[in-house]
Each structure stands twice: as C-alpha cells, then as structure tokens.
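Biologist: I have the sequence and the model open side by side, and I would like to go through the helix packing and a few residues with you. Could we take one question at a time, with the reasoning before the result?

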Amino acid sequence: MSVTQTMQKRLKDAGDFRPADMKAKDWIMLGLQGLFVIAMPVWLLLTPGNSVAFVLFLASLLVIQKIRLPLWARAALLVIDLAVVMPIVGVSSGTFARVATMIGIYAILSMGLNIVVGYTGLLNLGYAAFYAVGAYLYAIFASTQAREFMPFGVYPLSGNWFWLFLLLAMIVTGFVGFLLGLPVLRLKGDYLAVVTLGFAEIIRLLFNNLSKPINITNGPMGITPIQPPMLFNLVLNQPVHYYGIVLVLLLLTVVLIRNLQNSRIGRAWVAIREDELVARTMGVPVVRMKLLAFSIAAGLAGMMGVVFAAMQSFVDPTSFTFMESIVILCMVILGGSGNMTGVIIGALAVVVLQLQILKDVSSYLTSLTTAGILNLPAWLNPAKYERLIFGLILVLMCIFRPNGLLPEKRVLKIKEKLGIKPKTPALGDADAPSKEGL
C-alpha cells in the first residue's frame with residue numbers, strides 16, 4: 001500500500017470525508033440524522049421531565065456514533081450532550097440523572113469485563129465479586145460500622161476520603177483479582193467459568209456472614225448510612241453530582257483502555273484469545289498477561305463499587321448476586337465482545353431497558369388499569385419479566401447478530417483482507433470510523 005493510500009485510509013478511519021464524494025441519498029441521510037441529533041437534546045431541555053424525550057435523547061447519542069461527520073464534529077456533539085445538556089436536565093430531574101449515572105457505572109463495569117472476556121477470551125462469571133469488594137471497602141469506613149471492630153480512629157470517615165478510596169479500591173480489588181488469578185488462570189473454558197462463579201458466591205456469602213463473632217459487614221442487614229463524597233468540604237450528594245463524577249471516571253477509563261488496547265499489552269491479549277498455544281510459542285507471557293487483564297478488570301469494578309456505595313448510601317449482599325454478573329456479561333455480548341464502543345452501547349441499552357422503558361411501560365399500564373380503561377392482570381406486569389426479556393434479546397442477538405451490535409473492528413478488517421464477507425456486518429460499517437483497529 002502506498003503512502004498516499006495509507007494517509008487516505010487513516011483520514012477515513014478518523015471520520016473525515018469529502019462532500020464531493022457524497023451522493024444525494026448520503027446528503028438526505030446526513031440531514032435526517034443531523035436533525036434528529038439536534039432536535040432531541042432541544043426537546044429534552046424544553047421538557048426535562050418527559051421520559052420519551054429522555055429515551056430519544058439517549059438514542060441520539062447512538063446516532064452520533066453512526067453519523068457521517070468528521071471525528072472532531074462528533075466528539076463536539078457528544079461533549080455538548082453529555083457535559084452540558086445532561087447536567088442541566090439532571091438538576092431538574094434527579095431520576096434521569098440517576099439513570100444516566102447507572103449507565104456510566106455499568107459502562108465502566110462492562111469495559112472492565114470486556115478486557116477479560118472480549119480481549120483475552122476468558123469467561124468470567126463472577127465479576128460482581130470485585131464490585132462488592134470495592135463497595136464494602138468504602139461502606140465500612142464511611143459509616144459507623146468500622147467502630148464495631150476497630151477500637152482506634154474516628155468513624156465514619158468524612159466524604160473527603162472518597163477520592164482516596166477510589167484509588168485504594170482499585171489497588172485492593174486488583175490485588176484480589178491477582179490472587180484469584182494465580183491458581184485458576186491456567187484453567188480454560190468451562191472450568192474457569194465454574195471457578196469464577198464459585199469465587200463470586202464465596203465473596204457474597206462471606207459478606208453475608210461476617211457479622212459473627214466480629215461484626216465486620218453487619219451481615220444480611222447491610223450497612224447504612226454511608227457518607228457521600230465531598231470536594232473541598234462541599235457535600236456532593238445530588239444525583240447530578242454523581243453523574244459528573246461517573247462521567248469523569250468514564251472518560252479516564254476510555255483513555256486507559258484505548259491506550260492499553262493499542263499497546264503491546266492489548267495485542268498480547270488478542271493473541272491469547274485467538275490461539276493461546278501460538279501466542280506462547282511466539283514469546284507472549286501468557287500467564288502474566290492473563291493476570292494483568294484480570295487485575296485491571298477487577299480494579300475497575302472495585303472503583304465503581306465505591307461510587308455505587310456512596311450513591312446508594314446502603315450496601316448489602318443482595319446487590320452483588322450471580323445475576324449481577326450475568327447482566328454485565330449480557331451488556332458485553334449485546335454490544336459486541338472485544339469492541340469498547342460496542343460494550344458501552346450494550347450497557348446503555350440494557351440499563352435504559354431495565355430502569356426506564358420497562359418501568360415506564362409498567363407505570364403506564366398500571367395507570368390505565370387504575371382508571372378502568374384496561375383490565376390487565378397483575379401477572380402480566382412487564383416489570384416482572386425483565387429476565388425473560390433479556391433472555392429473548394440474547395436469543396435474537398445470537399440468531400441475527402452473533403457478534404453483537406458492533407462487532408470488533410479488528411476482526412472485520414482481517415476478514416476484509418482475507419476476502420471473507422462477515423456474516424453480520426457492523427452497523428454503519430461503511431460510514432462509521434474504525435476505532436478498534438491495531
């Protein structure tokens with residue numbers, strides 16, 4: 001490939017395009033997408049309590065990923081929506097700010113699990129255990145619970161310690177992931193999945209029973225209240241405050257994972273996923289790379305556990321069950337295993353479906369039943385069928401898009417070079433920029 005062709009390909013991958021190359025249908029599509037991207041935030045600002053406007057606003061964020069504009073233009077639109085529109089709406093609507101915050105939390109959790117499952121090819125069914133370790137680490141010391149077993153110190157610690165606990169939780173849970181990985185990462189496939197599942201249950205039962213003989217976790221009663229974060233003695237206890245914290249952490253996580261993915265470490269992870277024996281033969285330190293992937297993923301989960309504990313002001317073992325790990329794994333599979341943008345979209349789709357769409361539909365049908373317009377039995381309430389709906393979505397995804405909504409770009413490039421037509425092309429593959437390449 002010549003230098004000119006290489007530069008043109010890089011410009012295309014960066015999201016650049018030449019208007020002269022666009023046809024009439026491209027201009028029509030661009031106009032419709034641009035109108036949608038601009039209209040939805042304006043509608044949400046004019047009606048900050050409108051659930052339909054909020055869901056369509058979130059949909060406009062997905063359209064920005066596909067719209068045929070330069071990378072800097074799409075980045076500017078995302079900054080305006082996430083850093084300007086959403087905080088303004090969050091001030092007047094705490095519910096929407098909370099949903100957006102949960103999207104950010106699960107997006108970071110999904111990116112962490114994607115390191116293990118998507119990049120390295122290890123099946124982890126106990127990811128919620130690291131989430132729990134981070135949450136309890138902050139909850140114990142940011143509440144009066146520490147007084148039960150620590151005779152020294154003044155508890156609860158103030159919210160100014162929140163920022164230190166973010167880093168501390170990353171280190172502690174990363175070390176826990178390292179300790180878990182030492183004996184089990186030589187296992188493969190189903191054996192590794194069973195061991196990680198057992199580890200998660202051990203952690204949950206441990207937190208559930210560490211109330212005797214020394215009361216460390218308060219057992220099934222949980223720990224409350226937990227101190228909210230503080231910045232320069234300013235209490236950050238509003239939903240929009242947590243949204244801002246999670247948004248900054250999400251940006252830092254994206255930068256970290258993007259750099260890891262494009263480094264020698266990221267290429268080693270992918271080599272292990274594709275063929276561990278060949279990777280070992282080529283000199284890749286397989287065990288060390290697996291441990292690193294496990295530790296980084298665990299550290300991200302622990303960090304978000306601290307945020308979750310502070311936002312909820314309450315933690316108990318029921319928040320970190322096996323189903324929590326499965327939901328996070330569903331986000332990775334739904335979005336596209338191995339694609340960082342895809343798993344973020346998967347987290348957005350699952351959280352919005354669970355916390356917004358199903359609840360709004362359920363409330364609407366309940367109001368119709370109360371008004372006597374509709375006679376709906378209680379057992380048909382959509383909120384009771386969340387797991388069934390998730391299962392149906394996964395089944396449909398396996399049938400129609402087995403590689404997820406946004407398959408990994410690296411795999412698509414390899415197939416393109418080999419002349420193999422992908423069975424499930426990425427959404428907007430001809431227009432969207434390639435962000436997941438080597």
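Biologist: Are helix 3 and helix 14 roughly parallel or roughly antiparallel to each other?

Modeller: In this predicted model, helix 3 (residues 51–66) and helix 14 (residues 340–370) pack at an angle of about 170°, and their axes lie 11 Å apart. Angles over 145 degrees are counted as roughly antiparallel. The two helices are therefore, with respect to each other, roughly antiparallel.

Biologist: Which residues of helix 14 meet helix 3, and how many charged residues does that contact have?

Modeller: From helix 3 the contributors are Ser51, Phe54, Val55, Leu58, Leu62 and Gln65, and they meet Thr341, Ile345, Leu348, Val352, Gln356, Ile357 and Asp360 of helix 14. Sorted by class, this contact of helix 3 with helix 14 has eight nonpolar residues and four polar ones, and the number of charged residues is one.

Biologist: What is the handedness of the crossing where helix 7 passes helix 12, and how are the two helices oriented to each other?

Modeller: Helix 7 (residues 162–184) packs against helix 12 (residues 286–312) at an angle of about 140°, with 7 Å between their axes. The crossing of helix 7 past helix 12 is right-handed. An angle of about 140° is not over 145, the cut-off for roughly antiparallel; the orientation of helix 7 and helix 12 is therefore oblique.

Biologist: How many charged residues does the contact of helix 7 with helix 12 have?

Modeller: On the helix 7 side the contact includes Phe162, Phe165, Leu166 and Ala169, and on the helix 12 side Phe294, Ala298, Val306 and Val307 are among the residues involved. Counted by class, the contact of helix 7 with helix 12 has 15 nonpolar and seven polar residues, while the charged residues number no more than zero, that is, there are no charged residues.

Biologist: Is Val306 buried or exposed, and what is its C-alpha distance to Leu166?

Modeller: Val306 is found in helix 12, and its relative accessible area of 0% falls under the 20% cut-off, so Val306 is buried. Not counting residues up to four places away in sequence, Val306 touches Gly134, Ala135, Tyr138, Phe162, Phe165, Leu166 and Ala169. Val306 and Leu166 are 140 residues apart in sequence, yet from C-alpha to C-alpha they are separated in space by 6.3 Å.

Biologist: Why is helix 4 called oblique to helix 5?

Modeller: Helix 4 (residues 71–92) and helix 5 (residues 94–119) pack with their axes 6 Å apart, at an angle of about 130°. That angle makes helix 4, relative to helix 5, oblique.

Biologist: Which residues of helix 5 make the contact with helix 4?

Modeller: By class, the contact of helix 4 with helix 5 has five nonpolar, three polar and no charged residues. Helix 4 supplies Met86, Val89, Gly90 and Ser92, and the partners from helix 5 are Gly94, Phe96, Ala97 and Ala100.

Biologist: Which backbone oxygen does the side chain of Thr196 reach?

Modeller: Thr196 lies in helix 8 (residues 189–209), and with a relative accessible area of 1% it is buried. Leaving aside neighbours within four places in sequence, Thr196 is in contact with Leu123, Asn124, Leu125, Gly126 and Phe294. At 2.8 Å, the side chain of Thr196 reaches the backbone oxygen of Ala193.

Biologist: Which residue has its backbone nitrogen 2.9 Å from a polar atom of the side chain of Asn124?

Modeller: Asn124 lies in the loop between helix 5 and helix 6 (128–141), and at 2% relative accessibility Asn124 counts as buried. Beyond four places in sequence, Asn124 touches Leu113, Val116, Val117, Phe130, Thr196 and Phe294. The backbone nitrogen that lies 2.9 Å from a polar atom of the Asn124 side chain is that of Gly126.

Biologist: With which side chain does the side chain of Asp316 make a polar contact?

Modeller: Asp316 lies in the loop between helix 12 and helix 13 (322–335), and its relative accessible area of 9% means that Asp316 is buried. Asp316 and Gly222 are 94 residues apart in sequence and 4.1 Å apart in space, C-alpha to C-alpha. The side chain of Asp316 makes its polar contact, at 2.6 Å, with the side chain of Thr318.

Methods:
Residues are numbered from 1 along each chain as its sequence is written. This is a predicted model: local features need pLDDT of at least 70, side-chain atom pairs count only at pLDDT 80 or more; totals for chains, interfaces and linings use all residues. Side-chain values use heavy atoms; hydrogens and water are left out. Axes are lines fitted to C-alpha atoms, for helices over the stretch in contact, and angles run from 0 to 180 degrees between N-to-C directions. Helices (H or I, at least four residues) and strands (E, at least two) are DSSP runs, numbered from the N terminus. Angles under 35 degrees count as roughly parallel, over 145 as roughly antiparallel, 65 to 115 as roughly perpendicular and the rest as oblique. A crossing is left-handed if the near helix is turned anticlockwise from the far one by less than a right angle, and right-handed if clockwise. Contact means heavy atoms within 4.5 Å. Ala, Val, Leu, Ile, Met, Phe, Trp, Tyr, Cys and Pro count as nonpolar, Asp, Glu, Lys and Arg as charged, and the others, Gly among them, as polar. Buried means under 20% relative accessible area, exposed over 50%, partly exposed in between (1.4 Å probe, protein chains only). A polar contact is a pair of N or O atoms within 3.5 Å; within protein, one must be able to donate a hydrogen and the other to accept it, and residues adjacent in sequence count only if both atoms are side-chain atoms.
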